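This report describes the pockets of one protein chain for a reader who has not met it before. Please look at the sequence and the structure before reading on.

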Amino acid sequence: MKFTQRVQQLPPYLFVEISRRIAAKKAEGKRVVSFGIGDPDLATPDPVLERLAEASHDRPNHRYPETEGLPEFREAVAGWYEKRFGVGLDPKTEVLSLIGAKEGIGHIALGLLEPGDVALQPDPSYPVYNVGTLFAGAEPYWMPLNEEGGWLPNLDAIPTGVAEKAQVMWLNYPNNPTGAVADLDFFDRAVSYCKRNDIALLHDACYTEVAFDGYQPVSALEIPGAKDICLEFHSLSKSYNMTGWRVGMAVGNADLIRALFLVKSNLDSGVSQAVQQMGIRAMDTPQSYLDERNAHYQVRRDNVISALKGVGLNVEPPKASLYVWAPVPAGFTAASFATAILDDLDMVVTPGTGYGKFGEGYIRLSLTLSDDDLEEGVRRLETWKVPTA
Ligand SMILES: Cc1ncc(COP(=O)(O)O)c(C=O)c1O
């Protein structure tokens, strides 16, 4: 069997390798504590599950959905954006349902990029932006993120020749893997830059509802005129503990929505209607539920940070997202430190290099494991004597 160059060029999907390592440890009879993948352990809210039970009996839900999503789902998304960000959207032309944000993020590349085009992508970043770019035969231009720059790309450092070839710029705040956030001032600059250079701004906003210490993440669409060039990807996965149900949305510029619709309507058959109805109910979840859920994650965040500080790591608490991004001790690489943690503590953390070469020197810990596992992980860290590199 011959595989295409398209798939042969891909690095192994990060979490496949991590799952393999966990399985090997478990086969040795070890209790593995995984701070690896960001997949909420907390349950989908009960009212959302109850909606699925009802919706499963509705005969129209047994049939194919429309790609663009139910009108009432798109209206609920527009209502949620208005309430949450003060952003007005036309549910008919500026909202599209997605089978989770990942699907839309991958597919949009097929609508906007072709060989010879460039996609501006942050490094480190969620790997799917680059997969879409490679599948479309286009080329990435990596915008380095680092601590000095607040994990924001330096737009002035992008060479003019690159900007001329660029069709899209990917941004993601609150950020995976760094936990960094971006304010309206940064988005204002990004929107101006993209307008000036005729680039579509693709913002992955999946983590806006997971935030701490009273911080409120923003939407890029809050910038006046952003809708001229911006498409924002959002998801109910992390917002409402719904990764298993696969529902998200793309919102923003109507032409960009149309490009994504054309790709999707030819390749997939949309989000199960019953799941969209769950999504409508989810977007009605009272803020108090999210506040409590975030307080729960915040306790986990603080426990992990204090354990990491205990082993000498100088970690900043993230204001949002599900991730702690920690610099490794001198003498270690991201991979060698992650391996030391796996070997010594039977614990999985992700090396920053899994997200790009500028992730070197960092590990990522996800806060989405059970409280029991998290406490066990913290205990193991507290008694760990870090080996010399
Ligand atoms: C930055 C980022 N974007 C998108 C996704 C995909 O989310 P979804 O479950 O909506 O496909 C993830 C999932 O981990 C993510 O970290």
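From which domains does the lining of the largest pocket draw at least three residues each? They are domain 1 (5-44 + 287-382) and domain 2 (46-282). The model discussed here is a predicted one.

The largest pocket holds about 470 Å³ of space. Its lining is made up of 24 residues, and those nearest the centre are G38, K102, Y126, Y207 and K238. Two helices, α5 (101-112) and α9 (236-239), each contribute at least two residues to the lining of the largest pocket.

The second largest pocket encloses about 380 Å³. It is lined by 17 residues, with E147, W151, T178, E316 and P317 closest to its centre. Strand β9 (residues 323-327) provides the largest share of this lining, namely three residues.

Why is the second largest pocket said to lie between the two domains? Domain 1 (5-44 + 287-382) and domain 2 (46-282) both supply residues to its lining, so the second largest pocket lies between them.

The table sets out the kinds of residue that form each lining.

| Pocket | Nonpolar | Polar | Charged |
|---|---|---|---|
| Largest pocket | eleven nonpolar residues | seven polar residues | six charged residues |
| Second largest pocket | ten nonpolar residues | four polar residues | three charged residues |

In summary, the largest pocket, of about 470 Å³, takes at least three lining residues from each domain, and the second largest pocket, of about 380 Å³, lies between domain 1 and domain 2.

Conventions
Residues are numbered from 1 along each chain as its sequence is written. This is a predicted model: local features need pLDDT of at least 70, side-chain atom pairs count only at pLDDT 80 or more; totals for chains, interfaces and linings use all residues. Side-chain values use heavy atoms; hydrogens and water are left out. On a 1 Å grid over the protein atoms alone, a cavity is a set of points where a 1.4 Å probe fits but cannot get out, and a pocket is an open set with protein on both sides within 12 Å along at least five of seven lines; lining residues have an atom within 4 Å of a point. Grid points are joined across faces, edges and corners, and a volume is the space filled by probe spheres set on the points. Helices (H or I, at least four residues) and strands (E, at least two) are DSSP runs, numbered from the N terminus. Ala, Val, Leu, Ile, Met, Phe, Trp, Tyr, Cys and Pro count as nonpolar, Asp, Glu, Lys and Arg as charged, and the others, Gly among them, as polar. Domain bounds come from an automatic or database domain assignment.
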